[in-house]
Structures are given as structure tokens and as C-alpha cells.
Amino acid sequence: MNRVLKEVLCYAFAVCFVLLAWELGSLALDTPAFPTPQDTIPVFCAYAESLVPDFMISLHRVGCSLVIGTLLGLPLGLFLGRSRRVDALFAPVLYILYPLPKIVILPILLVLLGLGGTPKIALITLTIFFQVVMVMRDAARSIPEETVTSVRSLGGSRLDVWRHVVIPSTLPELFTTLRVSVAIAIAVLFFSESIAGSTGLGYFIMNSWAMVNYPRMFAGIIALAILGVGIYLVFDVCERRLTRWRRAGRRD
């Protein structure tokens, strides 16, 4: 209970800090393009109901992309990290494709998949996929061989090694990359929805910008921030449940 109270107080402080910085920035710039929280929050409340459909559309796109990208990238990354021969063969492919900004293939996806939500989900999925593959590959490679040898010396099978060594050892890195990927996914979502689409929070924000309705634009930005924070908190809760052994012996 004390931990929950501490977290609530920390988030309350964070919200107050952001609002104060927002207020000071708005006063310093003194431009209609950067309205104050007092001008924006009432507009956000007024548009809250109309924002729900766009919010749910964006949530669906990001959520599906995170699930698909993780389910595809996790086993591949672990397999590459534990198989030197296969990694030696495919590592150059990853080194070529990973640095390529995935956003540049959006026009190709639009031509192939149309202007709906499918190309946006595909684009975010590709981004998450390569992020997860690279991190999990490195995490699996960094597992000490002495740990694997000790399990095998006790009669453990290859499945036991994966179950008791590889997966638990790489879970923290998985959640770390998922939290980092949330910010990347939200950025790609905004870009794809604002460039090609008529639904979602990205479209709502850019449509408000086109109408020179800056408080409405910032209301959409707040909704997009809530979306990102919500997904981030879900991963945080999952990490605590699945990696309780990391907190053994720690004090709150």
C-alpha cells in the first residue's frame, strides 16, 4: 500500500511539474500556437467524448503492432543470440536493415495495402520487430555460458536451459525494449496518421493545426500522451509480475 501511495504521489508531482513547465513555456513564448494549460484543458474536456473513437483507433493500431512485432521478434532474436552459426549468417542482414528508417517505406505500404489502418499497423510492426530482434539477440548472447553449463551438468535438457536460463535472463531486457519501443511506436503512429489517413489521434492533431485551432491541437496531444503513458504503465505492471525474482532482497 505504501508503494502504491508513493507512486501516486510521484505521478502527481510529475503532472504538476509538466503543467508548471508548460505554463512557463507558454508565458515565455507568448504565442497563440502554444496555449496555456488553462486554455487547453477545458478544450480537452469539451472534446473528450469526440476524441474517444480516434483514441481507440490509435490504441488498436499501436496495440496490435506491439503484440505482432513482439511475437515475431522475440523468438527470432533469442534464436539468433543462442545460435552462433545462424547469427553469423543473418547478422549482416540485420545490420543492413535495422538502421534503415522504417518510415521511408510508408509510401510502398500505402500502395500495397491502401489508405486504411493496415499499412500503419504494418509500419509500426516492422519498427517494433527490428527493435525487439536486435535487443533480444544481444541479451541472449550475453548470457554466461557457465550458467548454461551448470544447468546441463545437473541433467537439464535444452528445453530446461531455455525455460530456466534463457527466458528469465532476457525478460528484463524485453520489457526495457518494449518501453523504449512505445515512444517509437507513438511517433511512427502520429506520422503515419497525419500523412495518410482520416482517423486516429495523429489526424485529429494535424486537422486541428490546419484549422489554426491550437487549443484543440493540444487536446489531441494530451490524448496521445495519455495513450503512451497508459501502454507504458501496462508494461511496467507486467514486468513487476513476471520478474518478481529481481526484487528479491530489495527494499521498497
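Is arginine 141 buried, partly exposed or exposed? In this predicted model, arginine 141 has a relative accessibility of 47%, and because the partly exposed class runs between 20% and 50%, arginine 141 counts as partly exposed. That residue is a useful place to enter the structure, since its side chain meets that of aspartate 87 in a salt bridge, with 3.9 Å from N to O. The two partners come from distant parts of the chain, aspartate 87 belonging to helix α3 and arginine 141 to helix α5, with their positions 54 residues apart in the sequence.

Aspartate 87 has another partner as well, for it also forms a salt bridge with arginine 137, where the closest N and O atoms are 2.5 Å apart. Aspartate 87 lies in helix α3, which covers residues 84-97, while arginine 137 lies in helix α5, which covers residues 118-141, so this pair ties together parts of the chain that are 50 residues apart in sequence. As for the surroundings of these side chains, aspartate 87 has a relative accessibility of 8% and therefore counts as buried, and arginine 137, at 2%, is likewise classed as buried.

A salt bridge within a single helix can be followed in helix α9, which spans residues 214-242 and holds both aspartate 236 and arginine 240, four residues apart, or about one turn of the helix. The closest N and O atoms of aspartate 236 and arginine 240 are 3.6 Å apart, and the two residues form a salt bridge. Arginine 240 has a relative accessible area of 26%, which means that this residue is partly exposed. Elsewhere, salt bridges with shared partners join Asp87, Arg137, Asp138 and Arg141 into one network. In general, side chains of opposite charge can pair when their charged atoms come close. With a side-chain nitrogen of Lys or Arg required to lie within 4 Å of a carboxyl oxygen of Asp or Glu, the count for the model comes to seven salt bridges.

Helix α3 also leads to a feature of another kind. Leu89, Phe90, Val93, Ile96, Leu97, Leu100 and Val104 make a nonpolar surface patch of about 640 Å². One of these residues, isoleucine 96, lies in helix α3, and its relative accessibility of 64% is the reason why isoleucine 96 counts as exposed. Helix α3 thus holds both aspartate 87, which is in a salt bridge with arginine 141 of helix α5, and isoleucine 96.

Definitions and conventions:
Residues numbered from 1 in each chain as written. Predicted model: local features only at pLDDT ≥ 70, side-chain atom pairs only at ≥ 80, totals over all residues. Heavy atoms only, no water. Helix = DSSP H or I, 4+ residues; strand = E, 2+ residues; numbered from the N terminus. Buried < 20%, exposed > 50% of the residue type's maximum accessible area, 1.4 Å probe, protein only. Patch = residues over 30% accessible without salt bridge, like charges linked within 9 Å, V, L, I, M, F, W, Y side chains within 5 Å. Areas by Shrake-Rupley, 256 points an atom, 1.4 Å probe, with all protein chains shown as cover.
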